[in-house]
Every structure is written in structure tokens, then in C-alpha cells.
Amino acid sequence: MAVRYNPREIESKWQEKWAEDRLYEVTEDGSQPKWYALTMFPYTSGDLHIGHWYAMAPSDVHARFKRMQGYNVLHPMGFDAFGLPAENAAIKRGIHPYTWTMQNVENMRRQLKSIGAIYDWSREVITCLPEYYKWTQWFFLKLYEHDLAYRGKAPVNWCPQCRVVLANEQVIDGKCWRCDAEVVHRDLEQWLFRITRYADELKEHDGIDWPERIKIMQRNWVGRSEGADVSFSLDHPGVAEKDIRVFTTRPDTLFGVTFMVLAPEHPLVAKLTMPDRKAAIEEYIERSRRETDIERLSAEKEKDGAFTGAYVTNRVNGEKVPVWIADYVLLTYGTGAVMAVPAHDERDFAFAKKYNLPIRVVIAPPDWKGGELEQAYIEPGTMVNSAQFNGMPSEQGIKAVAEHLKKQGWGGPTVSYKLRDWLISRQRYWGAPIPMVYCDKCGIVPVLEKDLPVLLPEDAEFRPTGESPLQLNEKFVNTACPKCDGAARRETDTIDGFLCSCWYFLRYCSPHYDGGAFDPEKVKYWMPVDIYTGGAEHAVMHLFYARFFIKAIRDMGLVDFGEPFTKLFNQGIILAQRQKMSKSKGNVVTPDEYVNELGADTVRAYLMFIGPWDQGGEWDDSGIGGMSRWLNRVWNVVLDGYQARSGVALEGEKAQVDLRRFVHQTIRRVTGDMERLHFNTMISALMELTNYLLKVRESGNVAGSAWREAVDTLLLLLAPTAPHFTEELWQRTGHGYSIHNQPWPKWDEVLAREEEITLVVQVNGKLRDRLTVPASITEDEAKRLALESEKAKPHFAGKTIASVIYVQGRLVNVVVR
């Protein structure tokens, strides 16, 4: 596509100039209000596609806008550099993860710089570098010191053939991605963070402006439920435990329990299983280990299980209740045990029907005559077959039965959470080593702070089986105990990469500070982040973990705020061939070719225009061609018009007033769209202004100051979107360097006000006429003109006018009978 200007020449020129002048480097400045604009940093996958640009370019446009508004703007960039793909690359390509990662960083940094963003590259962070992960390890020690990090058993994906732990991504259709063996679940001792301590706080979002769907997803992830803790008596040979406790949200159904279900992984299963049931139970457990939690909980999956041969006693009625195992119960939710009430739970009903277990109605539906139920009744009703609670409304019974349990010492009202502690152990090499050692004499001992970072060994051996190289490296494993100086072994698990991304926004505030993870004074100046942009897919992982982390270090006294991100905005997705971009589909659009041909500013502007930012849109080559033609029209109208009109005498005061009105209306529109992140309508407004200027230039009616003001305003309003293009035109039209240091234009309400408006005339709500009237028209005058309208009169002639309704500046509705 032909262009009037040379984008490659212009963009490289100005990027070099801005870098040389350090135009976008920022410091703490108390004379300006601060604005911390953050985009989620990318994973070092190797190449940025147009979807990455869609996350980054609009956020840069908004950051530039705030800078022109007079804010001291911090808009940094870095790289999320630890993770499994780098380790997989090491195995497949025979290249060290560090080498692979840093090569990708170099390429992605080049691509990011081509965007022309105001990133302060002096603040870059890369999470896999020792100067960064030293402090990730330091935070781990702080969490351990405050009893928020602990070692416990947690399930993992285990390949029995490779004899390694697999990440979820490495399990494909229940099989190992390397050897195709069936994957099973095993419990291993691992490190966890006590995120559950913050469950109540994490479900609240007071004082932050976040999308409602993200808040709902986080509340559901916490899964707070009010109900009752219920103890069932256990008297089994050789078993020390004297009860099994369950959590239920329906204590009103307690008299309807006809069996109990344990998760197959429950520690009591082996103890309770009778000898004649052992083979069936072990077979069922082995089968359940091959299923994911999602598969186990699927509504389509037929409910099945196995009987242990053991019983517990329901204390409220003395009945013996058989104990089964079933995979629809998870050890990670509640207590891993469920009281089954088949008459009033759909899963329990299906299970009872399959195994011919009793179904006792204890909540009577309206007009129930005492017969069998055809399906589980889960709505409120009246309690029956429930001893002293008979006749009580079930909603009232929930509280009454819970209080009865409390009085008898068999349980009582309580709150349960779906949320489980955060498993942070990773059995792989490419992550921050967990800074703990194991000593036969002293037990588990934290590494001393002065000995951080615990460095990853460079001489790692990556085997095709995927075993962690840290386990194989004797120099790394064998160490001295920090407490007794005796022989000890290092922890060989590494830290979940999500901990690295829990605090990178703090490090941006002082990336070269060596007195701690961050400079407290600089964090106090910049934090919290004013606007955080990125994908909604991070709702219950990164965004959730970061909130927990900040609340935890707040309680340690390290920061004085409890929410990291004041405003959150989730952009939509760019589609190609009506599908989400992916390498496997072969529809990835890379920005480099378009930047080389049409320029970064054209790509930026097209991404603004493609659709509402929160919804995304379809990438279309013809669309970006249209954007290039528009910028060429701007180039023409600015240069040709500026030179031709600057010295010509003014012809017509009305033309000048009309032009200034349109310009000030455009400033008002664009400013509002920028504030609301409505970039597509912002571009539309600038296109309309361009077309208006072209018409004015052709008419020859306006020149001098009004024209120069209009052209300058167009460049200033376009500057955040097309920074190189406008910088060049700003210089060519005789202005000083730089347009990006100019203030954002302000509109004058008086100048923006229309002199005339279109007044709609309706009769009984139907359009009958449109009148051009002065914008300052009074209500009485508007009503008079409507009643005198020649087009409206025939519709109320001979009828009674009941009322005349006036909507200021818009319409008059004549109501007749």
C-alpha cells in the first residue's frame, strides 16, 4: 500500500531520539499527581503476536493521555521468565532454559520497542535473573516466618513409567505427554501457602473498581458457605478415630441420611475397609486416580462407588449408616466426607437408585401424601420424619438443627470454604529454588537471608524423562545446615511462577534497589497501581494470588495498603479467521510485517478502531489498509493545509465559529472516550474531524488562527494513538520538541455549544416533524412551534390536547385524545 510518509524512517528516528533524551524515564515528583499504569507483563514465549499488541497498545495510548493531562506516569515493562515451556525447550532442543529464555527476551524486547510505547526501559524486570528471584525467595522466607508457608501432603499427577511429576499441561487425555502411560494421582509432601486465612477478605472487593464478572469469579473461587459441622459416631475395630465429621449446608435434612460417602483419597478409607471389600475398594481407588477433578465432578458422569463394609452412627436418631467411597466427593473440598440424603440431593438420589439404598423423605413438598419421590426434592418444604422438628419449615430447621447439634456437642453452626491453600511446589528446574534445607538433626531449616539467592546450578542435566535436574545435581543438593552446620540436603522443588508475578509491580518502583525487595518510600509514592490491564483468564490465578500476597505482606508491615490494583480492565480477544489465534490453527498474525510495511502507528490506530476494547474484534487486512489511508489524509490536511492557509486572510466569521465549535466538540468527545477507554469511538471522532478539515480546506472559507488551532488540536488528540506520526508533523509545522510534552487540549463549553438544534415533534409518541431551532430555545417557545407545525397540525386537529411534554433540547410530544 502506498503511503505519503515513510513510517519506517520516521518511527526509527523518533524512537532513537526519545531513547537518547530519556523522554519517558520517570522519577518520583511530588509536584505532579502520580499515575501508575500497568499492563500484565508477557511470558517469554519467543514472539509477540497481534493479540499481545492488542493488550499493550491501547494501554499505552491511555497512559500517554494521562501524561498529557499532567500526571507523572509510570508505565513499565518486563518479562515473566520462569516456567515449564523453557524446560521443555531444553529437553527437546538441547538448549539451556536460560539461553532459550534470554534469546526470547531479546526478540520480544525488540518487538515491544517497535510499538513506540512510553515504557521506562530503565525499570525493566526479568523474573528469572538472580537479582530478582533472590527477593522472591526472601518473600518465601517471610511467609514461612509468619506461618503462611508450610509443608503438607498434596495430590500430583504421576507418570509411573517416567517416574516423574507432571504439570496439568503435560497430561493429555489422562496420559503422559512423553510416554503415553496412564497418569495417576499421588499424594506427595509439598509446600503450600495458607491463602485460606484470607478467604473472607479475598471475597470482598471494597474500594476497588473491578469488572463485576471478575469479582463474581473470585467470590465463587472462595466459595464461602454457611452451614453446620456434623459429627457421626465411629466405632470400628483397630481405628483410633471416634467420629467422622462432615460439613453440610442443609442440617435440616440430617434425619434423612441413609449412607455416607468418603473421597477415595480419604485417609480413613484404608482403615475402614473390611477384608472382603478390600479388592473392590483398591480397584475403585486406582481407577479414580486416573481422572481429573473436572471429570470426577462432571454432571454427565454416572455416579458410582464402592462399599467399605464399615458403618457410622447418625447421632440424632441412632441409626447405623453404611460408609461408601465415590469419586464425586473430593478430599480437597469440605472434610472429604459427605452425609448422603438421597431424597433431597440429586447426586445422592442417582447413587441411591443405582445401589438400591434407602431414600427417606424428611422435607415434604407441598401437598405431599407420603409416597415415594420420582426425583430428589431440593426446594424448601416442611420437616417430616425428623423427631421433634416435625412440622417446622425447613428454612427455620436449618438453624434449629444446627443449634441442637451445638447443644449436644455433636457439631454446630459453622462456615466452610471451597478455597484450598495454594500449592506452590513445582518438581522442575526452571523456577526459583525453594530456600529450605533438610537436616537429620534440626529438621526443616530456612536458608539464612545473607545466603540468598539460592542459585540454580548452571550444569543442569535435562533427561528425556523430565526428571527435575535439581534432584540429580549432587553439588546443589548437598549443603550445610544453616543451624548446626552439619550435613543437610537442599529442597529440590522450585517455586510456582505465580509468586514471581505477585510482586513484580512492586519491583518496578525501584528495580535496582539492593537494600530489599523494593524501596519502601518509592512504593509508598507509586502504589497502588491506578489501572491494571490484561486478560480475564487470570481472574482466579494471578489476580487472586497477587491480592493474597499484598494482604499478607501488609500484615507483616511491609506495605500500608491491602489491594494492589485500584482499577482493573480486561481487554477482549483479537480473532483471525473468526477463531482465537493459535500456532496449532495456523492463524497467528505477527505485527512485524505490518509495522515494516505500514508503520507501528497504523497498527496501533487500527487496533484502537477494530472494536470496543473490552470485546475485541476480527483482524482484517482491508481494515488496516483503510487506517493507513486515513493517516495519509491527516498527513495531507496538516502539511498542505497548514502551509496554504497560514497566511491567507479570514473569509467569513461564521465559518470560523463553525470550525471552532466542531473542534471543541471533538475535544470533548475524545477526552470522554479516552477516560472511558472507548478507543474505537475516539478514533471515529478524529476521523470526523479530519473529514471536516478536508471540506473546510476545499471551501477556502477559513484560514489563519482558527485553522492552525484546528490542525494543532487534531495532532494533539491523535498524539497518544500515533506518537511517531504526530511528533514528525508537530516538528514540520514549526513547533518545538516534543508534542508529547504538550498539555492535553481543553474544550470551552461556550465554543462547543450548538447555535441550532433539531427539535423532534411527536403526536402521541409518533414522529410528525423535525424543526431547526436556536439551541437557546425556551420551553414555551418550543411548545408553541410544535403546536404551529404544519406537518403536526393535521394529527391533532379536531381532537382534545391532553398535554404537551417537552424534553429539553430534544423533542416535544403532543398528547391528544
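Strand S11 covers residues 305–314, and 8 of its 10 residues are buried, so the rest of the structure largely encloses it. The model is a predicted one. S11 pairs with strand S12, residues 319–326, in the antiparallel sense. The pairing runs over 7 bridges. Within it, Phe307 stands opposite Trp324 of S12. The two strands form a hairpin with 4 residues between them. Gly318 sits in that turn and has a positive phi of about 75°.

Now step back to the whole chain. The protein has 817 residues, and 54% of them count as buried. It holds 27 helices and 32 strands. Along its principal axes, the C-alpha trace spans about 105 × 85 × 50 Å. Take the contacts with a separation of 6 or more: residues 24 or more positions apart account for 72% of them. The accessible surface comes to about 36,600 Å². Carbon and sulfur atoms own 48% of that surface. The charges number 100 positive and 110 negative side chains. The centres of these two sets lie 2 Å apart.

Next, the interior. In soluble globular proteins, nonpolar side chains tend to be buried together. Here the largest nonpolar core has 182 residues. Which of them touch the most other members? They are Tyr36, Phe140, Tyr504, Phe505, Leu506, Leu607 and Trp619. Phe140 is worth following. Leave aside its neighbours within four places in sequence, and Phe140 is in contact with Ala149, Trp191, Phe193, Ile424, Ile434, Pro435, Met436 and Ile495. A second core is separate and has 54 residues. Its members include Ala228, Phe232, Ala306 and Phe351.

Helix H3 offers a view of burial in a helix. It spans residues 84–93. Leu84, Ala86, Glu87, Asn88, Ala89 and Ala90 are its buried residues. What covers them? The cover includes helix H4, residues 97–114, and helix H13, residues 469–472. Gly94 follows H3, and its phi is positive, near 65°.

Strand S29 comes much later in the numbering, at residues 756–763. Of its 8 residues, 6 are buried, so S29 too is largely enclosed by the rest of the structure. S29 pairs with two strands described here, S30 and S32. With S30, residues 766–774, the strands run antiparallel and 8 bridges join them. Leu759 has Leu771 of S30 as its bridge partner. With S32, residues 811–816, the strands run parallel and 4 bridges join them. There, Val763 has Val814 as its bridge partner.

The hairpin of S29 and S30 has 2 residues between the strands. Asn764 lies in this loop. Its phi is positive, about 50°, although Asn764 is not a glycine. Is Asn764 buried or partly exposed? With a relative accessible area of 42%, Asn764 is partly exposed, because the buried class ends at 20% and the exposed class starts over 50%.

Asp147 is another residue other than glycine with a positive phi, near 60°. Asp147 is placed in the loop between helix H5, residues 130–145, and strand S3, residues 149–159. Its relative accessibility is 37%, so Asp147 counts as partly exposed.

Two cis peptide bonds complete the tour. One joins Met527 and Pro528, with omega about 0°. Pro528 is found in the loop between helix H17, residues 520–526, and strand S24, residues 531–534. The other joins Tyr737 and Ser738, with omega about 10°. Ser738 lies in a loop as well, between helix H25, residues 723–732, and helix H26, residues 749–752.

How values were computed. Residues are numbered from 1 along each chain as its sequence is written. This is a predicted model: local features need pLDDT of at least 70, side-chain atom pairs count only at pLDDT 80 or more; totals for chains, interfaces and linings use all residues. Side-chain values use heavy atoms; hydrogens and water are left out. A nonpolar core is a set of buried Ala, Val, Leu, Ile, Met, Phe, Trp, Tyr and Cys residues joined through side-chain atoms within 4.5 Å. Buried means under 20% relative accessible area, exposed over 50%, partly exposed in between (1.4 Å probe, protein chains only). Contact means heavy atoms within 4.5 Å. Two strands pair if DSSP finds at least two bridges between them. Accessible areas come from the Shrake-Rupley method with a 1.4 Å probe; for residues, only the protein chains shown count as cover. Lys and Arg count as positive and Asp and Glu as negative; His and the chain ends are not counted. The place of a charge is taken as NZ of Lys, CZ of Arg, CG of Asp or CD of Glu.
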